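Colleague: Please take one part of this model, the strand pairing, and go through it closely. I would like a connected account of that part and of what packs or pairs around it.

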Amino acid sequence: MLKKRDLHDSHTLYEIMTHPDVFPFVRHKADSYDEFLFITKQTIEAEERGELISRTILDEWGTPIGTINLFDIEDNAGFLGTWLGKPYHGKGYNSPAKDAFFQELFYEAGIETVFMRIRKVNIRSIKAAEKLPYVVKANETRISIYQQLNANGEVYDLYEIPKDLYTFHLLRNGSLQIDSSKLLEA
(Lines give C-alpha, C1' and ligand atoms only; values in the text may rest on other atoms or scores of the structure.)
Protein backbone atom coordinates (compact mmCIF):
# COMPACT_ATOMS: atom_id res chain seq x y z
CA MET A 1 0.00 0.00 0.00
CA LEU A 2 2.98 2.35 0.60
CA LYS A 3 6.38 2.52 -1.06
CA LYS A 4 9.34 4.88 -1.04
CA ARG A 5 9.08 7.73 -3.51
CA ASP A 6 10.32 6.89 -6.99
CA LEU A 7 10.74 9.07 -10.06
CA HIS A 8 8.99 6.38 -12.15
CA ASP A 9 5.67 7.24 -10.43
CA SER A 10 5.93 10.95 -11.22
CA HIS A 11 3.81 11.04 -14.37
CA THR A 12 0.84 9.30 -12.76
CA LEU A 13 1.10 11.35 -9.57
CA TYR A 14 1.43 14.64 -11.44
CA GLU A 15 -1.69 13.92 -13.51
CA ILE A 16 -3.88 13.27 -10.44
CA MET A 17 -2.31 16.04 -8.34
CA THR A 18 -3.36 18.78 -10.76
CA HIS A 19 -7.11 18.25 -10.23
CA PRO A 20 -8.67 21.45 -8.80
CA ASP A 21 -10.08 19.52 -5.80
CA VAL A 22 -6.58 18.26 -4.92
CA PHE A 23 -4.05 20.88 -6.04
CA PRO A 24 -4.89 23.60 -3.45
CA PHE A 25 -4.14 21.16 -0.61
CA VAL A 26 -0.80 19.85 -1.89
CA ARG A 27 2.15 21.26 0.03
CA HIS A 28 4.74 21.14 -2.76
CA LYS A 29 2.82 22.37 -5.79
CA ALA A 30 4.22 21.97 -9.30
CA ASP A 31 2.93 23.88 -12.30
CA SER A 32 4.54 21.53 -14.82
CA TYR A 33 5.56 17.90 -15.07
CA ASP A 34 9.25 18.90 -15.18
CA GLU A 35 8.82 20.92 -12.00
CA PHE A 36 7.10 17.94 -10.34
CA LEU A 37 10.04 15.70 -11.33
CA PHE A 38 12.43 18.23 -9.79
CA ILE A 39 10.39 18.44 -6.57
CA THR A 40 10.20 14.64 -6.34
CA LYS A 41 13.98 14.38 -6.76
CA GLN A 42 14.43 17.01 -4.02
CA THR A 43 12.02 15.07 -1.78
CA ILE A 44 14.00 11.84 -2.24
CA GLU A 45 17.25 13.67 -1.42
CA ALA A 46 15.70 15.38 1.64
CA GLU A 47 14.62 11.97 2.95
CA GLU A 48 18.17 10.68 2.54
CA ARG A 49 19.29 13.61 4.74
CA GLY A 50 16.64 12.78 7.39
CA GLU A 51 14.63 15.98 6.84
CA LEU A 52 11.38 14.26 5.91
CA ILE A 53 9.78 10.89 5.24
CA SER A 54 7.75 10.51 2.04
CA ARG A 55 5.83 7.56 0.64
CA THR A 56 3.71 6.95 -2.43
CA ILE A 57 0.25 5.56 -1.67
CA LEU A 58 -0.69 2.66 -3.95
CA ASP A 59 -4.05 1.08 -4.71
CA GLU A 60 -4.56 -2.68 -4.61
CA TRP A 61 -3.10 -3.03 -8.12
CA GLY A 62 0.07 -1.07 -7.31
CA THR A 63 -1.02 2.12 -9.11
CA PRO A 64 0.21 5.36 -7.47
CA ILE A 65 -2.81 7.27 -6.12
CA GLY A 66 -1.27 9.91 -3.83
CA THR A 67 1.46 10.65 -1.32
CA ILE A 68 1.84 10.71 2.44
CA ASN A 69 4.66 12.64 4.05
CA LEU A 70 6.16 13.72 7.34
CA PHE A 71 7.66 17.19 6.85
CA ASP A 72 9.79 19.44 9.05
CA ILE A 73 11.14 16.65 11.26
CA GLU A 74 12.59 18.06 14.45
CA ASP A 75 12.92 16.56 17.95
CA ASN A 76 11.25 13.28 16.85
CA ALA A 77 8.19 15.15 15.60
CA GLY A 78 6.97 16.38 12.24
CA PHE A 79 3.99 17.55 10.22
CA LEU A 80 1.81 15.15 8.24
CA GLY A 81 0.93 15.96 4.65
CA THR A 82 -1.30 13.65 2.64
CA TRP A 83 -3.11 13.89 -0.65
CA LEU A 84 -5.03 11.43 -2.80
CA GLY A 85 -6.06 11.87 -6.42
CA LYS A 86 -9.71 12.88 -6.87
CA PRO A 87 -10.79 9.47 -8.34
CA TYR A 88 -9.67 7.86 -5.05
CA HIS A 89 -11.53 10.18 -2.64
CA GLY A 90 -14.06 8.35 -0.47
CA LYS A 91 -12.88 4.89 -1.56
CA GLY A 92 -11.30 3.88 1.77
CA TYR A 93 -7.63 4.44 0.91
CA ASN A 94 -6.84 7.23 3.37
CA SER A 95 -7.20 5.34 6.64
CA PRO A 96 -5.11 2.26 5.72
CA ALA A 97 -2.42 4.53 4.25
CA LYS A 98 -2.25 6.53 7.46
CA ASP A 99 -2.15 3.37 9.58
CA ALA A 100 0.73 1.92 7.57
CA PHE A 101 2.58 5.24 7.68
CA PHE A 102 2.06 5.73 11.43
CA GLN A 103 3.30 2.19 12.09
CA GLU A 104 6.48 2.99 10.16
CA LEU A 105 6.94 6.39 11.80
CA PHE A 106 6.32 5.34 15.39
CA TYR A 107 7.81 1.85 15.45
CA GLU A 108 10.61 2.01 12.88
CA ALA A 109 11.64 5.65 12.44
CA GLY A 110 11.56 6.73 16.11
CA ILE A 111 8.98 9.49 15.67
CA GLU A 112 7.13 10.39 18.89
CA THR A 113 4.61 12.98 17.66
CA VAL A 114 2.88 13.65 14.36
CA PHE A 115 1.28 17.07 13.91
CA MET A 116 -1.39 17.94 11.37
CA ARG A 117 -2.11 21.48 10.30
CA ILE A 118 -5.46 21.67 8.58
CA ARG A 119 -6.88 24.78 6.98
CA LYS A 120 -9.96 25.90 8.89
CA VAL A 121 -11.83 26.04 5.55
CA ASN A 122 -10.99 22.38 4.78
CA ILE A 123 -14.05 20.96 6.53
CA ARG A 124 -13.66 17.53 4.89
CA SER A 125 -10.17 17.05 6.36
CA ILE A 126 -11.15 18.43 9.76
CA LYS A 127 -14.07 15.99 10.01
CA ALA A 128 -11.81 13.10 8.94
CA ALA A 129 -9.16 14.02 11.54
CA GLU A 130 -11.67 14.43 14.34
CA LYS A 131 -13.11 10.95 13.67
CA LEU A 132 -9.79 9.33 14.55
CA PRO A 133 -9.68 8.24 18.21
CA TYR A 134 -5.94 8.91 18.53
CA VAL A 135 -6.02 12.51 17.27
CA VAL A 136 -6.06 15.43 19.72
CA LYS A 137 -6.91 19.01 18.75
CA ALA A 138 -3.84 20.93 19.92
CA ASN A 139 -4.71 24.62 19.32
CA GLU A 140 -4.54 25.27 23.07
CA THR A 141 -2.15 22.57 24.31
CA ARG A 142 0.56 23.43 21.74
CA ILE A 143 -0.08 27.16 21.70
CA SER A 144 3.40 28.18 20.51
CA ILE A 145 3.19 25.91 17.45
CA TYR A 146 -0.40 27.04 16.82
CA GLN A 147 0.63 30.71 16.95
CA GLN A 148 3.58 30.04 14.64
CA LEU A 149 1.28 28.38 12.08
CA ASN A 150 -1.14 31.29 12.26
CA ALA A 151 1.33 34.19 12.44
CA ASN A 152 -0.40 35.85 9.47
CA GLY A 153 -3.99 35.21 10.54
CA GLU A 154 -6.22 32.38 11.75
CA VAL A 155 -5.73 29.93 8.88
CA TYR A 156 -4.99 26.54 10.47
CA ASP A 157 -6.22 24.26 13.21
CA LEU A 158 -3.49 22.16 14.82
CA TYR A 159 -3.92 18.47 15.61
CA GLU A 160 -1.52 16.09 17.31
CA ILE A 161 -1.06 12.33 17.16
CA PRO A 162 1.14 11.22 20.07
CA LYS A 163 2.79 7.82 19.76
CA ASP A 164 1.42 6.66 23.12
CA LEU A 165 -2.18 7.47 22.20
CA TYR A 166 -1.79 5.76 18.82
CA THR A 167 -0.25 2.72 20.54
CA PHE A 168 -3.11 2.60 23.03
CA HIS A 169 -5.57 2.70 20.12
CA LEU A 170 -3.81 -0.26 18.44
CA LEU A 171 -3.67 -2.27 21.68
CA ARG A 172 -7.35 -1.63 22.39
CA ASN A 173 -8.29 -2.83 18.90
CA GLY A 174 -5.94 -5.82 18.91
CA SER A 175 -3.93 -4.43 16.00
CA LEU A 176 -0.61 -4.35 17.86
CA GLN A 177 1.06 -7.51 19.03
CA ILE A 178 3.48 -7.28 21.95
CA ASP A 179 6.18 -9.88 22.47
CA SER A 180 5.41 -11.02 26.04
CA SER A 181 8.98 -12.33 26.46
CA LYS A 182 10.14 -8.70 26.49
CA LEU A 183 7.76 -7.60 29.24
CA LEU A 184 9.37 -7.07 32.64
CA GLU A 185 7.92 -8.17 35.94
CA ALA A 186 7.00 -5.50 38.45
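Modeller: Two strands are taken to pair if DSSP finds at least two bridges between them. The model is a predicted one. By that criterion, strand S6 and strand S7 (residues 156-162) pair in the antiparallel sense, over two bridges. Valine 136 has glutamate 160 in S7 as its bridge partner. Helix H4 (residues 123-131) packs on the sheet here, in contact with strand S5 (113-119) as well as S6 and S7, and its direction makes about 150 degrees with that of S5.

The sheet as a whole is open and has seven strands in the order S1-S2-S3-S4-S5-S7-S6, with mixed pairing. Its edge strands are S1 (2-4) and S6 (136-137), each of which pairs on one side only. In general, the strands of a sheet pair through backbone hydrogen bonds, in either a parallel or an antiparallel arrangement.

Moving inward from S6, S7 also pairs with S5, in the antiparallel sense and over seven bridges. One of the positions involved is arginine 117, whose bridge partner in S7 is leucine 158. S5 in turn runs parallel to S4, and three bridges join the two strands. Glycine 78 stands opposite valine 114 of S5. S4 and S5 are also linked through helix H3 (residues 94-107), and S4, H3 and S5 make a right-handed β-α-β unit. Five of the seven residues of S5 are buried, so this strand is largely enclosed by the rest of the structure.

Further along the sheet, helix H1 lies across S2, S3 and S4 and runs at about 90 degrees to S3. H1 covers residues 10-17, and its buried residues are Ser10, Leu13, Tyr14, Ile16 and Met17. These buried residues pack against strand S2 (53-58), strand S3 (64-74) and strand S4 (77-84), and also against helix H2 (33-48).

Next, the charged pairs. As a general point, side chains of opposite charge can pair when their charged atoms come close. The structure holds 13 salt bridges. The one that bears on S7 is between aspartate 157 and lysine 120, with the closest N and O atoms 2.8 Å apart. Aspartate 157 lies in S7 and lysine 120 in the loop between S5 and H4, so the pair ties together parts that are 37 residues apart in sequence. Aspartate 157 has a relative accessible area of 7%, so it is buried, whereas lysine 120, with 27%, is partly exposed. Salt bridges with shared partners join Lys120, Lys137, Glu154 and Asp157 into one network.

Two other salt bridges can be set beside that one. Aspartate 9 forms a salt bridge with lysine 3, with the closest N and O atoms 3.0 Å apart. Aspartate 9 counts as buried because its relative accessibility is 8%, while lysine 3, at 29%, counts as partly exposed. Glutamate 45 and lysine 41 form a salt bridge whose closest N and O atoms are 2.6 Å apart. Both lie in helix H2, four residues apart, which is about one turn of the helix. Glutamate 45 is partly exposed at a relative accessible area of 31%, and lysine 41 is partly exposed at 42%.

Definitions and conventions: Residues numbered from 1 in each chain as written. Predicted model: local features only at pLDDT ≥ 70, side-chain atom pairs only at ≥ 80, totals over all residues. Heavy atoms only, no water. Buried < 20%, exposed > 50% of the residue type's maximum accessible area, 1.4 Å probe, protein only. Contact = heavy atoms within 4.5 Å. Axes fitted to C-alpha atoms, helices over the stretch in contact; angles between N-to-C directions. Right-handed = clockwise from strand over helix to strand, strands pointing away. Salt bridge = Lys/Arg side-chain N within 4 Å of Asp/Glu carboxyl O.
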